Amino acid sequence: MVPLLQVKNIKTYYGNICVLKGITLEVHQGEIVCLIGSNGAGKTTTLKSITGLLHPQEGSITFGGEDITFLEPHHIVEKGISMVPEGRHVFSKLTTLENLEMGAYSRKDISAIQQDIEDVFKLFPRLKERSKQSAGTLSGGEQQMLAIARALMAKPKLLLLDEPSMGLAPILLESIFENVKEINAQGTTVLLVEQNTKLALAIANRGYVLQTGSVSLSGTTKDLRSSEMVQKTYLGIA
Amino acid sequence: MQKLVEQLINGLTVGSFYALIALGYTMVYGVLSMINFAHGDIFMVGAYFGCFTITQLSKTGFTESNPVLAIIFTFIAGAIGAALTGITIEKFAYRPLRKASRLATLISAIGTSIFLQEFVRLIPKFGSLITSIHFGEKNLFPESWRAAIINVTQTFGGAMVKTYPGILGTAGIKLGEISISYSRILIMAIAIVFMVLLYLLVRLTKLGKAMRAVSEDKETAALMGIDVNKIISNTFFIGSALAGIAGVMMGIFYLQIRPTMGFTPGIKAFTAAVVGGIGNIPGAMLGGYLLGLAEVISIQFLPAVYKDIVAFAILIVMLIVKPTGILGGSGGKNKL
Ligand SMILES: Nc1ncnc2c1ncn2[C@@H]1O[C@H](COP(=O)(O)OP(=O)(O)O)[C@@H](O)[C@H]1O
Ligand SMILES: [Mg+2]
């Protein structure tokens, strides 16, 4: 089967510093795939290369069999990839509702948008109470929910999540990960970047371990959990 | 009392100019965090497009038979001429420098300002230049075209002062002792209408929301599927169109226009934008009217030549006391 997303040997630079030194990974329809690795490994850079915020100098990215390596971000969204950026990045001056409308910006089926807003409110009831509030006044957890809900408004085939656990209280962590599982169960494929390796491995089917710009290990979550390197470095098991 | 009310109306008229021009500064600052120092010259270009249009319409007698339509066409020409100038500047003078230092963009803006003034001044010269191109005996353009090109370029620009035909004259309405000319009423009404329209556009439309999103975070806006360059271009279009409208108003009100006319209103409107809180749309409107009123009030107490100094004194005091402006947020995080 052709993977939904295929990243082939990409090399991405900031100026002349090579940050991704040839990353290859695949995500199949229906999966939750996690990308783990320590700070500065290149996880965010990988996601930015997929969404077109950065363009790799070498290698290729295909989505649904189509080459998207050099498309601009707003075209990639139209193809069906949306991203929840690291640190949420909700539009703080816009209301919760307006943030959701921005998420649906690229859609042509305007009449269906209202219903989808209701649907994400079902997934995150807290957001409905806050719908007229400017997003900057929401709590960290609510902002994370909003960032995810906003990305869903584009009706993506593939959802990229960059460290959704960052800065969240432990109780909220679990519920956000439950939400991700539910989103996946409803048919959206997920590529999840996490530093909280334990939680990531708990919900993913497969995973890749990134070390200083290269994939050092990949496999099913079961394989990864039993790897001594993963246990030592990322799960803190001596 | 009568004198006071008349001065107040005068202040609101001048304030309307400042407010309309200030909106362009503030919108561009909102999306790009840069001061478009060529904005005053875009205002000037709008005045010239308007002048050309009304002059041609008057020559054919159209203005006399349809004065209202003639005025509308003049405003449309000024707005569109300025808007096209604005998006062209953004595309060629600012976009290539988007990732460069702020200083580079600033220098580019100042260069563009000089370019626009000189271009308008030299248009008749370009006219004679291109009509004199010939290959051997044969001229590039046929005789009739040459006459037209010379005529158009000479009517449009040049170093000399151009004069708007006095369409509205000095007629007006009288409320008791107080008389208000139609041109003042027109200027205040048009300014208010366009400010309300702009406010609604930015608050309620998809474009307006996208502008606010781009103003806050370009990368994330792009992730929403927003074509950031297109939104920036649209922002220049709208801000410049408002300046063009102000340019036509200036022509209708003061009758005379010249290539350097953008400088003083431009820098005062910039002051207005800073006073209101640069990046903030209602702030620009408020700042414009405050500045207009402050100027006429100062005339009551000081010789009229001091009125320009008053504007800049306000700018300096504002920058010291509250650099983010009256309606501005804190820490320079002032956005549409
Ligand atoms: N804008 C940037 N300019 C230069 N270097 C950057 C930039 N962003 C990230 N980097 C560098 O790229 C490397 C990978 O960063 P990133 O992809 O953000 O890592 P991660 O998301 O895994 O923490 C790091 O060494 C980081 O310092
Ligand atoms: Mg990161």
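# A tour from A:Asn9 to the magnesium ion

Select A:Asn9. This residue is partly exposed, with a relative accessible area of 39%. Keep in mind that the model is predicted. A:Asn9 sits in strand β1 of chain A, which runs over residues 5-14. Check its backbone: phi is positive, about 50°, although the residue is not a glycine. Most residues other than glycine have a negative phi.

Now jump to A:Lys155. Here too phi is positive, about 55°, and again the residue is not a glycine. Colour by secondary structure to place A:Lys155: it is in the loop of chain A between α6 (140-152) and β7 (158-162).

**Zoom out**

Show the whole of chain A. Ten helices and ten strands are there. The radius of gyration is 17 Å, close to the 18 Å that the globule rule gives for 238 residues, so chain A is as compact as a globular protein of that length. Along the principal axes, the C-alpha atoms fill a box of roughly 45 × 40 × 35 Å. Colour by accessibility next. Of the 238 residues in chain A, 55% are buried.

**Ligand 1**

Centre on ligand 1 and display its surroundings. Start with A:Tyr14 and A:Val19, then add the run A:Ser38, A:Asn39, A:Gly40, A:Ala41, A:Gly42, A:Lys43, A:Thr44 and A:Thr45. By class, this shell has three nonpolar, six polar and one charged residues. Which helix gives the most to the shell? Highlight helix α1 (residues 43-51) of chain A, which gives three residues.

Now set up three distances, each to an oxygen atom of ligand 1:

- From A:Thr45, an N or O atom of the side chain is 2.5 Å away.
- From A:Thr44, a polar side-chain atom is 2.7 Å away.
- From A:Asn39, an N or O atom of the side chain is 3.4 Å away.

Switch to a surface view. On its own, ligand 1 has 560 Å² of accessible area, and the protein covers 58% of that.

**The magnesium ion**

Stay on A:Thr44 and select ligand 2, the magnesium ion. Which residues coordinate the ion? Pick A:Thr44 through OG1 and A:Glu86 through OE, at 2.0 to 2.1 Å. Trace the chain between them. A:Thr44 is in helix α1 of chain A, while A:Glu86 is in the loop between β6 (81-84) and α3 (96-103), so the pair ties together parts that are 42 residues apart in sequence.

Finish on A:Glu86. Buried or exposed? A:Glu86 is partly exposed, with a relative accessible area of 29%.

Definitions and conventions
Residues numbered from 1 in each chain as written. Chains lettered and ligands numbered in written order. Predicted model: local features only at pLDDT ≥ 70, side-chain atom pairs only at ≥ 80, totals over all residues. Heavy atoms only, no water. Near = heavy atom within 4 Å. Polar contact = N/O pair within 3.5 Å; in protein donor to acceptor, adjacent residues only side chain to side chain. Areas by Shrake-Rupley, 256 points an atom, 1.4 Å probe, with all protein chains shown as cover. Helix = DSSP H or I, 4+ residues; strand = E, 2+ residues; numbered from the N terminus. Nonpolar A, V, L, I, M, F, W, Y, C, P; charged D, E, K, R; others polar. Donors = N, O, S within 2.8 Å, 3.2 Å for Na, K, Ca; no water. Buried < 20%, exposed > 50% of the residue type's maximum accessible area, 1.4 Å probe, protein only. Rg over C-alpha atoms; globule rule 2.2 N^0.38 Å.
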